[in-house]
Amino acid sequence: MSRYLSEKYSSLEAYTPGEQPKNMEYVKLNTNESPYPPSKGVTEAVFEESKKLMLYSDPESLYLRQAIASLYGMEPENILPTNGSDEIINFAFMAFCDKDHPIVFPNITYGFYTVFGDINMVPYEEIPLNDDFTINYKDYLNIGKNIIIANPNAPTGIALGLDKIEEIVKSNPNNVVIIDEAYVDFGGESAIPLTKKYDNLLVTQTFSKSRSMAGARLGFGVGNKDLIADLDKIKYSTNPYNVNRMTSAAGIAAIAENEYYMDNARKIISIREYTVSELKKRGFTVLDSSANFIFAKSDRIGGEDLYLKLKENGVLIRHFTNPLIADYNRITIGTKEQMDVFLKQTDRILKQVIK
Ligand code: PMP
């Protein structure tokens with residue numbers, strides 16, 4: 001830390017992204033990326049667009065907004081594309097939260113929420129999950145504070161039904177409810193249609209997971225047009241060209257080839273079910289996932305130990321040090337071949353464990 005860092009950030013704990021090691025090629029199952037490459041139309045569109053890089057991108061992202069809107073049966077003014085969904089979530093903290101409008105979220109969820117709270121000096125409360133890691137939706141009814149819920153939740157992968165989401169939204173009409181649907185295409189139910197009925201609902205999604213574009217950084221928010229206008233104000237006050245030309249072209253092309261991505265999502269779901277059943281045969285407890293990852297613990301080896309031993313053997317998964325979940329690991333679903341390498345290495349490691 002330099003002596004120039006503002007006092008207000010001196011105790012800020014930054015978000016720690018999953019490792020992206022460069023020392024060797026790993027079977028990489030640690031950051032919930034898609035194992036499948038982007039479609040041909042996307043790579044072609046990016047190449048074509050790269051010829052126009054001397055020009056700024058469209059600050060309105062109009063064609064992209066139109067494409068996303070038509071995919072979800074909305075109007076362009078209901079959509080705000082951003083630099084990853086992290087950006088729209090941060091914008092929402094900036095736009096709707098302050099010391100008089102605190103926010104609540106589950107105590108086990110996406111680790112960035114506390115950081116967005118801290119950096120924006122927003123008071124937040126973390127509501128404990130049930131013992132089985134499900135969200136008790138009743139905890140959020142009539143709470144009178146802003147709410148953010150990842151659905152499916154991360155890193156548990158457990159989804160909350162749309163009827164429960166609607167009750168939460170309905171019972172907090174004077175507060176904004178943000179539903180982070182980063183993993184919705186792997187088995188969740190989207191709350192986007194509810195944004196037509198409730199002006200306090202913001203749904204966020206990303207192209208990073210089901211649409212194979214984590215490296216392009218594209219996310220978006222969907223909501224009532226006034227809510228989106230507020231977020232747009234934040235965007236124009238921070239980074240008007242937040243979605244670059246190539247990413248915008250990639251997003252439009254990905255939507256044109258949506259079936260390819262939805263097919264891949266179906267493949268990932270079936271590889272997930274295979275992996276879950278294989279792990280259960282080996283005595284693992286695996287939570288019920290609706291995402292492109294699973295959250296699992298072994299009865300024979302600790303979470304950190306398994307993570308470290310797999311890493312030594314070229315397989316990278318994600319371990320969290322939070323004591324509430326330290327027995328568990330989050331394992332991204334890759335191709336069937338990648339999951340077989342993971343299972344084979346897990347077997348080898350378990351054999352070496354003396355019980
Ligand atoms: N929400 C959740 C629950 C996530 O796990 C992630 C991925 N780290 C994000 C949002 C943000 O993803 P991105 O910025 O790549 O869209």
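Trainee: Taking contact to mean heavy atoms within 4.5 Å, which helices do the buried residues of helix 7 pack against?
Mentor: The buried residues of helix 7 pack against helix 1 (40-50), helix 2 (62-71) and helix 8 (258-281), where helices (H or I, at least four residues) and strands (E, at least two) are DSSP runs numbered from the N terminus. Bear in mind that this is a predicted model, in which local features need pLDDT of at least 70 and side-chain atom pairs count only at pLDDT 80 or more, whereas totals for chains, interfaces and linings use all residues. Residues are numbered from 1 along each chain as its sequence is written, and side-chain values use heavy atoms, with hydrogens and water left out.

Trainee: How many residues of helix 7 are buried?
Mentor: In helix 7, 9 of the 12 residues are buried, meaning under 20% relative accessible area, with exposed over 50% and partly exposed in between (1.4 Å probe, protein chains only). Among them are R245, T247, S248 and the pair A253 and A254.

Trainee: And what sits at the start of helix 7?
Mentor: There, a side-chain oxygen of N244 comes to within 2.9 Å of the backbone nitrogen of M246.

Trainee: Helix 2 next: which of its residues are buried?
Mentor: L64, R65, A67, I68 and A69 are buried in helix 2, and their cover includes strand 2 (79-82), strand 8 (219-223), helix 6 (225-238) and helix 7. After helix 2 comes G73, which has a positive phi, near 65 degrees.

Trainee: Switching to the ligand, which residues are around it?
Mentor: The residues around the ligand, each with a heavy atom within 4 Å of it, are G84, S85, D86, Y110, A154, D180, A182, Y183, T206, S208, K209 and R217.

Trainee: What are the polar distances for D180, then?
Mentor: An N or O atom in the side chain of D180 is 2.6 Å from a nitrogen atom of the ligand. For Y110, a polar side-chain atom lies 3.1 Å from a ligand nitrogen, while in the case of S208 a side-chain N or O atom is 2.6 Å from an oxygen atom of the ligand.

Trainee: Is Q205 buried or exposed?
Mentor: Q205 is buried, with a relative accessible area of 2%, and lies in strand 7 (residues 201-206). The side chain of Q205 makes a polar contact with the side chain of Y72 at 3.1 Å; such a contact is a pair of N or O atoms within 3.5 Å, and within protein one must be able to donate a hydrogen and the other to accept it, with residues adjacent in sequence counting only if both atoms are side-chain atoms. Leaving aside residues up to four places away in sequence, Q205 touches Y72, S85, E181, V184, S190, I192, G219 and F220.

Trainee: Now the strands: how many bridges join strand 3 to strand 4?
Mentor: Strand 3 (residues 103-106) and strand 4 (residues 124-127) run parallel and are joined by 4 bridges, two strands being paired if DSSP finds at least two bridges between them. V104 stands opposite E125 in strand 4. Strand 3 is also joined by 2 bridges to strand 5 (residues 146-150), again in parallel, and I103 has N146 as its bridge partner there.

Trainee: Last one: what is the order of the open sheet of 3 strands?
Mentor: The order is 9-10-12, with antiparallel pairing. Strand 9 (285-286) and strand 12 (329-332) stand at the edges, each with a single partner strand, so each has one side without a neighbour in the sheet. Strand 10 (residues 293-297) pairs with strand 12 over 4 bridges, and I294 stands opposite I331.

Notes. Contact = heavy atoms within 4.5 Å.
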